[in-house]
Amino acid sequence: MAATDFELGLNSFGEVATDGDRVLSDGETVRLLVTEARLAESVGLDVFSLGEHYREGHNDSATPVLLAAAATATERIRLGTSVTVLSTNDPVRLYHEFSTLDAVSNGRAQMVLGRASATESFPLFGYDLTDYERLFEEKLDLFLRLQRDESVTWSGTVRSALVDQRLHPRMRPGGIPTWIGVGGSPNSVVRAARHGLPLMLAIIGGRPQRFGGHVDLYRKALEQFGHTPQPIGQHSLGLVADTDEEAVETWWRYWQPVAAALARERGFYKPDRARYEAEIDHGALFVGSPETVAQKIAGVARDLRLSRFDLKYDIMHLPRDARARTIELLGSEVAPRVRELLAKEPTHV
């Protein structure tokens, strides 16, 4: 892969922003996301992606609608999902939503499919967590069939059967780019390889290089299943500011309470300052000046043989000005610097 082909994008979970001392309303945050997609395009970023969550303070529960709004406000940037919880979506409805988005955006739609680490959608839509694996496996099979085949006859245990169904509007031939999101499960890595789909590594803590074994497993599995090499991407959290000190202090103020809540909920490590700084130095937080963040992205891209890196730039109550500055610097300074560094010492994809 040429360094010029390396992609940098943004991920948002629709988290509520602030403006001065005022917390934005849900509606204001939704409109802000469209503004940020437009800004991301203006500074030359490649992808703008939104998640799917059903938690307090998150406003990404209707992702295809938000992406369609972003499509009408932009012309070039690709529009996708940082996660679509396939297990609790209906594949037929999902096909309709994203084939329509692809049409509206003139072929710019893409998505990352996941099983869900946050499971609020299961009780919300009437699904049982004991069916976690079966739901994803069967729905993935159906969704890929709908994308790849002109008409589909299908039967399974998680929804009604289809007989010779041809959906409209049609997606482009072969469907839209569809990645499998992986948070650490080797089985998910093998699943992505079995279907010949790109791999998105969600790395939110610890040294990213510890996923090197997953990358090796994925590449070997692709070969064994008879598929050509596929892109590998990484999703991680962070903030870019004019100086390292500003970035570190700003992110700490808003990341610490979120990390503390997750620690209580999921048994994660306690988010003390020493651990926080360690995550910035050699872990999965990409926080710093443009040069610091560019050096870290380029290093991880080489180690994990990445072709794409997505920065999750929003976190609960982060000021809208800090969000905008991250977007501006990521596109105008970090992205060209990463490509320059990779041109000097390229990845081996």
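**Reading the labels on a predicted model**

Guide: His282 lies in helix H9, and the model in which it is placed is a predicted one. Ala278 belongs to helix H9 as well, a helix that covers residues 273-282.

Visitor: Why is His282 called partly exposed rather than buried or exposed?

Guide: The relative accessible area of His282 is 46%. Buried would require a value under 20% and exposed a value over 50%, so His282, at 46%, falls in between and is called partly exposed. Leaving aside residues up to four places away in sequence, His282 touches Arg207, Pro208 and Lys296. Its C-alpha atom is separated by 19 Å from that of Gly183, and these two residues are 99 apart along the chain.

Visitor: What makes Ala278 partly exposed?

Guide: Ala278 has a relative accessible area of 23%, and because the buried class ends at 20%, Ala278 is counted as partly exposed. From C-alpha to C-alpha, Ala278 and Arg207 are 9.6 Å apart in space, although 71 residues separate them in sequence.

Visitor: Which class does His195 fall into, buried or exposed, and how do you know?

Guide: With a relative accessible area of 13%, set against a limit of under 20%, His195 is therefore buried. This residue sits in the loop between helix H6 (186-194) and strand E11 (199-202). Among the residues that His195 touches, once those up to four places away in sequence are set aside, are Glu137, Leu140, Leu144, Arg148 and His227. For Leu144, which is 51 residues from His195 along the chain, the separation between the C-alpha atoms is 8.6 Å. Leu144 is itself one of the buried residues of H5, as is Leu140.

Visitor: How do you know that the span of H5 agrees with its number of residues?

Guide: Helix H5 runs over residues 132-148 and holds 17 residues. From its first C-alpha to its last, H5 reaches 24 Å, close to the 24 Å expected at 1.5 Å a residue.

Visitor: What of H3, and why does its span agree with expectation?

Guide: The 14 residues of H3 should span 20 Å at 1.5 Å a residue, and since the end C-alpha atoms are 20 Å apart, the two values agree. At the N-terminal end, H3 is capped by Asp90, a side-chain oxygen of which lies 3.1 Å from the backbone nitrogen of Val92. The buried residues of H3 include Val92, Tyr95, His96 and Ser99, and the elements that cover its buried residues include H2, E5, E7 and H5.

Visitor: Why is Ser99 called buried?

Guide: Ser99 has a relative accessibility of 1%, and because the class takes in values under 20%, Ser99 counts as buried. Ser99 is found in helix H3, residues 91-104, where a polar atom of its side chain lies 3.1 Å from the backbone oxygen of His96. Not counting residues up to four places away in sequence, Ser99 touches Pro169, Arg170 and Met171.

Visitor: What kind of peptide bond joins His168 and Pro169?

Guide: The bond is cis, with an omega of about -5°. Pro169 is placed in the loop between strand E9 (162-165) and strand E10 (178-182). Most peptide bonds are trans.

Visitor: What is the sign of phi at Asn106 and His317?

Guide: Phi is positive at both residues, about 60° at Asn106 and about 70° at His317, although neither residue is a glycine. Most residues other than glycine have a negative phi. Asn106 comes just after H3, in the loop between H3 and strand E7 (111-114), and because its relative accessibility is 71%, Asn106 counts as exposed. His317 is found in the loop between strand E14 (308-312) and helix H11 (320-344), and its relative accessible area of 33% makes it partly exposed.

Visitor: How do you know that strand E4 and strand E5 pair, and in which sense?

Guide: Pairing requires at least two bridges, and strand E4 (residues 47-50) and strand E5 (residues 78-81) are joined over 4 bridges in the parallel sense, so the criterion is met. One of the bridge partners is Gly80 in E5, which is matched with Ser49. Between the strands the chain passes through helix H2 (residues 63-73), and this β-α-β crossover is right-handed.

Visitor: Which residues does the domain annotation cover?

Guide: The unreviewed UniProt entry assigns "domain: Luciferase-like" to residues 27-301. In the model, this span is 47% helix and 16% strand, and its end C-alpha atoms lie 36 Å apart.

Notes:
Residues are numbered from 1 along each chain as its sequence is written. This is a predicted model: local features need pLDDT of at least 70, side-chain atom pairs count only at pLDDT 80 or more; totals for chains, interfaces and linings use all residues. Side-chain values use heavy atoms; hydrogens and water are left out. UniProt positions are given in the numbering used here, feature names are shortened, and annotations may be inferred rather than shown by experiment. Helices (H or I, at least four residues) and strands (E, at least two) are DSSP runs, numbered from the N terminus. The expected span of a helix is 1.5 Å times one less than its number of residues. Buried means under 20% relative accessible area, exposed over 50%, partly exposed in between (1.4 Å probe, protein chains only). A polar contact is a pair of N or O atoms within 3.5 Å; within protein, one must be able to donate a hydrogen and the other to accept it, and residues adjacent in sequence count only if both atoms are side-chain atoms. Contact means heavy atoms within 4.5 Å. A crossover is right-handed if, with the strands pointing away from the viewer, the path from the first strand over the helix to the second runs clockwise.
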